[in-house]
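Biologist: Hey, I'm new to this one. Can you show it to me and walk me through it?

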Amino acid sequence: MKKLIPLLLLLVLVFTAGCDGWTGGPITISTSDGPVILSFEANPATIAAGETSMLNWSSSGAATASIDQGIGNVGVNGSRAVMPSANTVYTLTVTNATGMSATATAQVIVSGAPTPTPTPTPTPTGMPVVSYFVATPNVIPAGSSTTLSWDTSNAISVDISPGVGVVGASGSAIVSPPADTNYTLTASNSAGWYSLTITVLVVGAPLPAGEPDLVIEDISRSGDKISYKIKNQGGMAAGSSTSTLRVDGAVAANDSVDPLAPGASRTETFTAYSYACTLPSDTLEVRADTGGAVTEGSEANNSFAESWTCIMAVIPGVILTFQPDLVIEDVWKESEITGDKIYYRIKNNGNAASGDTTTALYKYPCMLPCWPVATDHVDSLAAGQSRQEKFFGYNITGLGGYGCGVKVTADINGDATEKDEGNNSMSKDCPDL
């Protein structure tokens with residue numbers, strides 16, 4: 001009989017503990033790496049209308065804390081007096097430095113106050129909107145962190161992957177990717193979902209095994225042709241890709257690159273581009289894998305740049321002048337969803353950069369004086385560079401009848417001082433467009 005007494009006492013203790021009512025303390029679910037809410041309660045939990053209750057809370061591993069119902073940001077440990085006019089549930093949210101969060105609730109009952117009728121949450125109409133999703137900075141050294149920031153609207157749920165999880169409609173989170181990482185934010189509601197992906201590049205991170213890695217090792221010139229050396233320093237073959245040449249920040253040419261075996265290198269040339277140095281110097285940049293056709297071990301080392309000083313040949317009795325010369329090489333029409341558009345190809349035949357200019361479109365027949373029907377802003381063209389442009393905001397109509405035609409004129413405002421001001425225009429009859 002004496003051996004049964006301890007067992008009976010244990011059963012009584014278990015039964016008594018199981019019958020205790022909930023005291024209003026927090027129920028928190030947290031991972032070992034996340035913050036923990038140690039306590040969150042209202043004291044007293046029941047008040048009369050016009051009286052106050054004190055919210056008290058404490059947490060561990062949290063960097064920030066906030067309480068809803070209009071209270072906002074608070075300390076990670078503290079108290080706050082509240083005076084609700086009706087029964088109110090307060091939610092405490094704590095977040096650590098890596099963006100992980102935990103929540104707990106405490107209720108204040110107001111005796112004699114009418115019980116409000118819950119208002120159903122309206123279902124958003126239309127697709128969710130992502131105002132922005134950015135990483136600051138988007139290039140970091142290995143072992144460091146960056147901050148993801150976002151703002152959405154009209155969304156029921158927002159999720160960021162990998163590693164961040166469900167988040168609020170707007171906010172920020174600190175992440176420390178070990179290697180180049182694509183982060184995707186997905187905002188959803190009953191109408192559907194919208195996602196946006198950004199890339200954080202990690203410089204100096206060890207390359208993943210079994211992936212290609214394209215780098216540019218050198219840029220060279222032979223006459224007016226620009227060549228470069230591209231290498232696959234990864235451990236896997238790189239498929240076909242595209243390299244891009246920029247001169248003083250402007251795209252000058254593209255080059256198709258055949259597959260490269262692991263460790264292989266090759267010298268390529270931008271064969272369709274004729275280079276002419278613009279005084280006093282040019283900065284040339286070649287970027288491998290434009291468009292991201294190859295999934296690489298690192299996306300942060302694709303570019304190589306050099307600055308070249310122009311070399312002037314001094315010829316006795318000859319004065320060398322460096323000026324741009326803009327010409328229109330072709331004009332044509334293309335039918336698009338929004339209407340018929342006029343396209344044209346403009347080239348700088350001179351030996352100096354043109355600077356930004358304006359191109360004008362004329363339509364014939366027209367009343368004198370004949371004014372342009374549309375204009376187009378043209379970014380600076382390097383010497384020898386050509387570019388396809390179009391009059392974006394203008395739909396061409398009525399291309400028929402006697403005397404129908406169009407004329408495209410470069411540098412209509414005379415912004416560029418050119419070698420030849422008489423070759424800026426090209427005209428075409430309507431049947432030839």
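Modeller: Sure, and let's begin with a pair of strands. Strand β24 (residues 326-336) and strand β25 (residues 339-348) run antiparallel, joined by 10 bridges. Keep in mind that this is a predicted model.

Biologist: How many residues does the hairpin from β24 to β25 go through?

Modeller: The hairpin joins β24 to β25 through 2 residues.

Biologist: And which residue stands opposite Gly339 in β25?

Modeller: That's Glu336.

Biologist: OK, zooming out. How many helices and strands are in the chain?

Modeller: The chain has 1 helix and 30 strands.

Biologist: What percentage of the residues count as buried?

Modeller: 35% of the chain's 433 residues count as buried. As for contacts, take those between residues at least 6 apart in sequence: 59% of them join residues at least 24 apart.

Biologist: Switching to sheets. What order do the strands have in the open sheet of 5 strands?

Modeller: The order is β2-β8-β7-β4-β5, and the pairing is mixed. At the edges you find β2 (46-48) and β5 (72-74); each has a single partner strand, so one side of each is left without a neighbour in the sheet. From one strand to the next, the twist averages 30°.

Biologist: Is the pairing of β2 with β8 parallel or antiparallel?

Modeller: Parallel: β2 and strand β8 (residues 101-111) pair that way over 3 bridges. If you want a spot to click on, Ile47 stands opposite Val110 in β8.

Biologist: And where do side chains point in a regular strand?

Modeller: In general, they alternate between the two faces of the sheet.

Biologist: New topic, pockets. What volume does the largest pocket have?

Modeller: About 550 Å³. It is lined by 23 residues, and the closest to its centre are Thr95, Gly99, Ser101, Trp150 and Ser172.

Biologist: Which elements give two or more residues to that lining?

Modeller: Those are β4 (64-67), β7 (88-95), β11 (146-153), β13 (165-167) and β14 (170-175). β4 and β7 also came up in the order of the open sheet.

Biologist: Which one gives the most to the lining?

Modeller: β14 does, with 5 residues.

Biologist: How do the lining residues divide into nonpolar, polar and charged?

Modeller: The lining of the largest pocket has 9 nonpolar residues, 14 polar and no charged.

Biologist: So what should I look at again on my own?

Modeller: Try the hairpin from β24 to β25, then the edge strands β2 and β5, then Trp150, one of the residues closest to the centre of the largest pocket.

Terms used
Residues numbered from 1 in each chain as written. Predicted model: local features only at pLDDT ≥ 70, side-chain atom pairs only at ≥ 80, totals over all residues. Heavy atoms only, no water. 1 Å grid on protein atoms, 1.4 Å probe; cavity = no way out; pocket = protein on both sides within 12 Å on 5 of 7 lines; lining within 4 Å. Points joined across faces, edges and corners; volume = space filled by probe spheres on them. Helix = DSSP H or I, 4+ residues; strand = E, 2+ residues; numbered from the N terminus. Nonpolar A, V, L, I, M, F, W, Y, C, P; charged D, E, K, R; others polar. Pairing = 2+ DSSP bridges. Axes fitted to C-alpha atoms, helices over the stretch in contact; angles between N-to-C directions. Buried < 20%, exposed > 50% of the residue type's maximum accessible area, 1.4 Å probe, protein only. Contact = heavy atoms within 4.5 Å.
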